[in-house]
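Visitor: Could you take me on a close look at a single part of this model? I would like to hear about the place where the two chains meet.

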Amino acid sequence: MKEVYFWLLQLVTGLLLFFLVGIHLIWLHFGPEGARSWGSMIERAGNGLWLVFYVLLLTAGLYHGLYGLRNIFLELSVSPATGRRITIALVALGVVALAFGTYVPVKLFAS
Amino acid sequence: MREGKTIIFRVQRYSPATGEKPHVVDYSVPSSKGMTVLEGLLYIKENLDSSLSFRTSCRMGICGSCGMLINQFPRLACHTQIEELRAKTLEIKPLPNFAIIKDLVPDLAPLFIRHKSIKPYLLRPEAQEIDVPTREFLQSPQELEDYLQFTYCTKCGCCLSACPTSARDKLFLGPQALAQIYRYCADSRDGGARERLSLVDSSQGIWRCHLAGACSEVCPKGVDPALGIQLLKRRMVVESLGHQGKGPSPAAPPPEEQKPRLPVPQFTVKQR
């Protein structure tokens, strides 16, 4: 994959995060009473729309954050081979974190 | 020339060849109205210390030889008047982010190697036109405007010395080379965009630029390399989404095929 697509995805996820984090914060601070409670979170996880919202937020956040972390590592003048290893390690970390982060709300949704 | 006050030139001296450590030496230089920092350095060399080394050539901001750090800001010494700095003491150091050959002489070889790597000349589909051009290529004044400011680059190295990414990442191409890639890709006569864009679409390529804008801030020729890099990013994104730009402009017809010029009208002067 060309670097331009990585960068473009970072732009898209940045834009997504602006709206998704915005909605998340508005809901928690100005939403219904007790929106920040555990019970309310469980209730939201039972809603398909909220489930999609949170999985999307997690995916965008993970990609955007890990891409930034990769940039920091690559700026240490690492060799191309080391750069590839760093990329693979961060992709693996992202996949594991996404799987774990998705498993919890999906399980709550299913139960 | 009106005589002015005396200015202290606090110059960093360093000679890696002799194993000498970097140190600072103060020189008192009588300044006058309109006097440049380069003239001050020439005064030191001629009258106070002939061992001081710095690079200079044209003395008029064209060759880009005398780039140095003057009062913590990369400038051309020939393009900076002492008065405009409004300081009694001038701190003069070599450009950062470059190895030092001696005193104020930076090793600009990495800059030229990177510049050469981007093929800074017109690439044409007809191979013979690259080495031995036989024809002119059509270009409108508007098409010239697209890249004109980037042709003013003198390769002085000021932008590279100010770039925070270049300071950290020695593999980064740097603002000078990236802006020059845009200069050639935006030239309607050029057909080498794909070749050059694939060169910078790498993990150490254009995507390492954080748009700090320091390169544009310090450019003594008023070039905006940060703008060039952003426009290049946009072009790469647009092309990655499948939109291909138009090809290089066609060659101008040879002179014998041109239409004959209209005869010059015979004006007459009214006789009184």
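Guide: Happily; here is a walk along the interface, with a short stop inside one of the chains at the end.

Please keep in mind that this is a predicted model. At the meeting place, 14 residues of chain A are in contact with 17 residues of chain B. Together the two chains bury about 1400 Å², and 58% of that area lies on carbon and sulfur atoms. As for charge pairing, the count of salt bridges between chain A and chain B is 0. Polar contacts do occur, though: 9 residue pairs across the interface qualify, with both partners at pLDDT 80 or more. On chain A's side, the elements that supply two or more residues are helix H1 (3–30) and helix H3 (48–74). Of these, H1(A) gives the most, with 5 residues. Sorted by class, the side of chain A that touches chain B holds 8 nonpolar, 2 polar and 4 charged residues.

Now for the stop within chain B. B:Asp49 sits in the loop between helix H1 (37–48) and strand S3 (67–70) of that chain. Its relative accessibility is 18%, so B:Asp49 counts as buried, the limit being under 20%. The side chain of B:Asp49 makes a polar contact with the side chain of B:Arg13, at 2.8 Å. Setting aside residues up to four places away in sequence, B:Asp49 touches B:Tyr27 and B:Ile44 as well as B:Arg13.

Definitions and conventions: Residues numbered from 1 in each chain as written. Chains lettered and ligands numbered in written order. Predicted model: local features only at pLDDT ≥ 70, side-chain atom pairs only at ≥ 80, totals over all residues. Heavy atoms only, no water. Helix = DSSP H or I, 4+ residues; strand = E, 2+ residues; numbered from the N terminus. Buried < 20%, exposed > 50% of the residue type's maximum accessible area, 1.4 Å probe, protein only. Polar contact = N/O pair within 3.5 Å; in protein donor to acceptor, adjacent residues only side chain to side chain. Contact = heavy atoms within 4.5 Å. Buried area = accessible area lost by both parts, 1.4 Å probe. Salt bridge = Lys/Arg side-chain N within 4 Å of Asp/Glu carboxyl O. Nonpolar A, V, L, I, M, F, W, Y, C, P; charged D, E, K, R; others polar.
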